[in-house]
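Grab a pencil and try a few short exercises on reading a protein model. Each one comes with a worked solution.

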Amino acid sequence: MHGELEEIYEFVRTVRPFDELADDELRKLSKQLTIRYFKRQQKILKTGQETDSLFIIRTGAADIFNADGNFIIRVNEKGCFGFVSIINQKPSSSDVIAHEDSLVYILSGDLFRRLCEQHSDFKDHFVMAESQRLRKALSQLRNSHFQFSARLAAPVTGIIRREPVMSADNLSIHQAAAKMATENVSTLMIVDANENLIGLITDRDIRNRVVAANININDPVKSVMTQQLVTISPDTMAFEAGLLMMRHNVHHLPVVSENKPIGLISTTDLLKLSNQSPVYTISEVAKATSISQLSNISQTIPEILSQLVNSGLPAYQVGQMVSTLGENINIRLLQLAEQKLGSAPIDYCWLAAGSLGRREQLLHSDQDNALLLSNDFDKPSHEEYFLLLTRYVSDGLNECGYVYCPGEVMATNPKWRQPLNEWKNYFTNWVTKPEPKALMYCSIFFDMRSIYGNNELFDNLKAHYLNLAKDNNLFLSHLSVNALQNTPPLGFFRQFVLVNDKEHKNQLNLKKRGTAPIVDLARVYALADGLNSINTHNRILDAKAYAVISDEAADNLLDAYEFINHFRMQHQANQISNKLEPDNFANPDELSAFERDHLHDAFKIVAEMQKYLAQRYTASHMR
Amino acid sequence: MFKFFGADAKQSRLLKAAPEGPLKNFLGHNLPDKNQLLEDANLLAVDFETTGLDSNNDELLSIGFVQINNLEIDLSTAAHYLIKTNNDLVEETVVIHKITDDQISTGLALKDAVAHFLQALKGRVMVAHHAKIESGFTQQACRNIYGCGIIIPVIDTLAIEASRLPKEQHANNNLNLNMCCKRYNLPRYRLHDALSDALSCAELLLAQISHCSTAPRLNRFIGYLP
């Protein structure tokens, strides 16, 4: 009886890309390895040394240096090196030195070549470009999530409970209500002679629009039904339906195919898919009558984030859903403030800046907000009202966990509570005199969005600054320099010393070094071409559509953003389920081989795009 | 005259006494050159599972081994043999080695397993952790099967570790295989069958050697058992 080497097999199957191989192949392969031990500082390979082996680190770590002695990368447990020599059939082009005492498994070049020939997935891992590998990883990630929780990501057709209950548009209100009673439904779909959906009527409509308004029940149902409908197609995914319900604050969505009803889904149907639905929470927010109620609701957001992440939604969608919650808390606070203080004396709109502005808020972040007033603003008579209003909202947000902005970028600060013309002056100054402080403001105020009040005020302001920034090379080059300040932590893979403050030493800052560089890039792309979008995902899509960057670059950057963002959210979701305070700092040991590999790929793509931006805008600035 | 007491002399005497067969073949190989560098030596890391520690009364249950050549463990040479015993297994020891009667019944006869083992060990230095067990049981098996004893060149990783570690740290199981592997940042295997332990022992030796200040020669560690 010969050796089983079970433990070798169990280790090798966790090493990428060996995890692509079938079990019997892995078992065979485990018996063909050799094992060596290298003491710390011992040279494993020398530049110019003939080698035809793949080295896999079982325990310990090794550092790779190029021929000039410059440090290239650290390979950790489960990492491989030596394949470049095998593939190119050349001597080692680098020095490899054991960083710690290391036990290393060695696979012969012959076996490596045979595996490459027989398994394209295995080979791809070693020869594909980062962008290709990342795309593949993302699709694997999606597939695995679909297996875990397909419910929210499945088409809505699966949750339609019954045939559509419809009635012709020539029915009276009375007849329609009778039909609702016999069918025992709270919502009736109204169709025209060709069975096209033209309206909806609900229990609540009959109460509010008919009984309360004293309308004759023999009037046609058509006269009281809701005509402006938000509808979805059968292939809409459940989470998208939820997002739509949240955005439009509706509780029913007709599912139609070529305008013919096929069913109706309600918030209740979606609620059944997850026990803490954001859709439900939004309706709770809208009903809240005090700051303390909002604060209680707000405490459920981490749990919701955790669920959304685990449901397999794309990361950018999770960000949008969680932002919608934050946005609705802002809106409710403004409504409560107006109830308390009376209606505003002049038009205004409440602006969300930063991550909420971009609809990328994760957990409670600092509040960044501003107030845009109509030019009718008369300081002596209006100042007091808006000071009280903004204080009420800002204090409320602080109690809900959106703490005061340390940089005072809040509507309570008179500087950021100004009439339209003054705001226009601000932007003109920032764009035409791009000084360091001005550029710092750009990253906040160029990501603004009106979430309450008279949106036209903001549309006017936005048109003003988009026009100023577009094709303004001086401004864009300054903005680019600024956008290149946070670099992706490729050094993370070299050495783990990343964050220098004591508490987070040796950790990877997933926001500052992870997503922020991409957010900054996307902002430059959008402003360069006067694009209207604010959300980073949308900005990159628009940059692609308007050919600001190539299709390939855009797709790669989207993948990188999705992977890093997904990892960051997963990290926070894990902290939430472990009852820890969620943060943006990942420990190196937290990374699986898969994550380490693909984060590296993603960071390389970002670095590449930064390099490209540097060439494009900063060169002109340097001259 | 000196040779009369030496390992070489003992080997020649045993060679004369041994019957034709695996033991004689084994003894027919010269003992390794003690002055050669360890990195040039051919070694066989070995572990036995037994029903107890007394080679006179307890039985051999399984043998695991793997070659080390030029300080490289060659997994293609890894082997693991279960052995049919004469007596039913005692429950207490089953808990330790996790080998059950069912498995044993599929095993080899002791004489076949020992023949395979001697064939593999031929011309090599045996590496074991607390090598007295392996050498003692081999000696006992050879006496029973061939009516003749054996002499085995041995490197004992436990003895090496004992010489490296200050005396006061020898207590508390600090010298057992698992603790030794831990100190050298070696993988600790979940399974403790003869093959996994033979592999751990091989890895431990590589680690111990790499921590020697100069490349050691065989004579620094070698002994002859039993």
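Below are three exercises on strands and exposure.

This is a predicted model, where local features need pLDDT of at least 70, side-chain atom pairs count only at pLDDT 80 or more, and totals for chains, interfaces and linings use all residues. Residues are numbered from 1 along each chain as its sequence is written, chains are lettered from A and ligands numbered from 1 in the order in which they are written, and side-chain values use heavy atoms, leaving out hydrogens and water.

**Exercise 1.** Work out how strand 4 of chain A pairs with strand 5 of chain A.

*Solution.*
- Find strand 4 at residues 62-66 of chain A and strand 5 at residues 71-75 of chain A (strands are DSSP runs of E, at least two residues, numbered from the N terminus).
- They pair in the antiparallel sense over four bridges (to pair, two strands need at least two DSSP bridges between them).
- Look for a matching couple: Ile64(A) has Ile73(A) as its bridge partner.
- Now check the turn: the two strands form a hairpin with four residues between them, and Gly69(A) there has a positive phi of about 85°.

**Exercise 2.** Which strand is joined to strand 4 of chain A by five bridges?

*Solution.*
- That's strand 7 (residues 94-98) of chain A, running antiparallel to strand 4.
- Within this pairing, Ala62(A) stands opposite Ala98(A).

**Exercise 3.** Is Asp376(A) buried or exposed?

*Solution.*
- Locate Asp376(A) in the loop between strand 15 (369-373) and helix 16 (379-399) of chain A.
- Its relative accessibility is 56%, so Asp376(A) counts as exposed (buried means under 20% relative accessible area, exposed over 50%, partly exposed in between, with a 1.4 Å probe and protein chains only).
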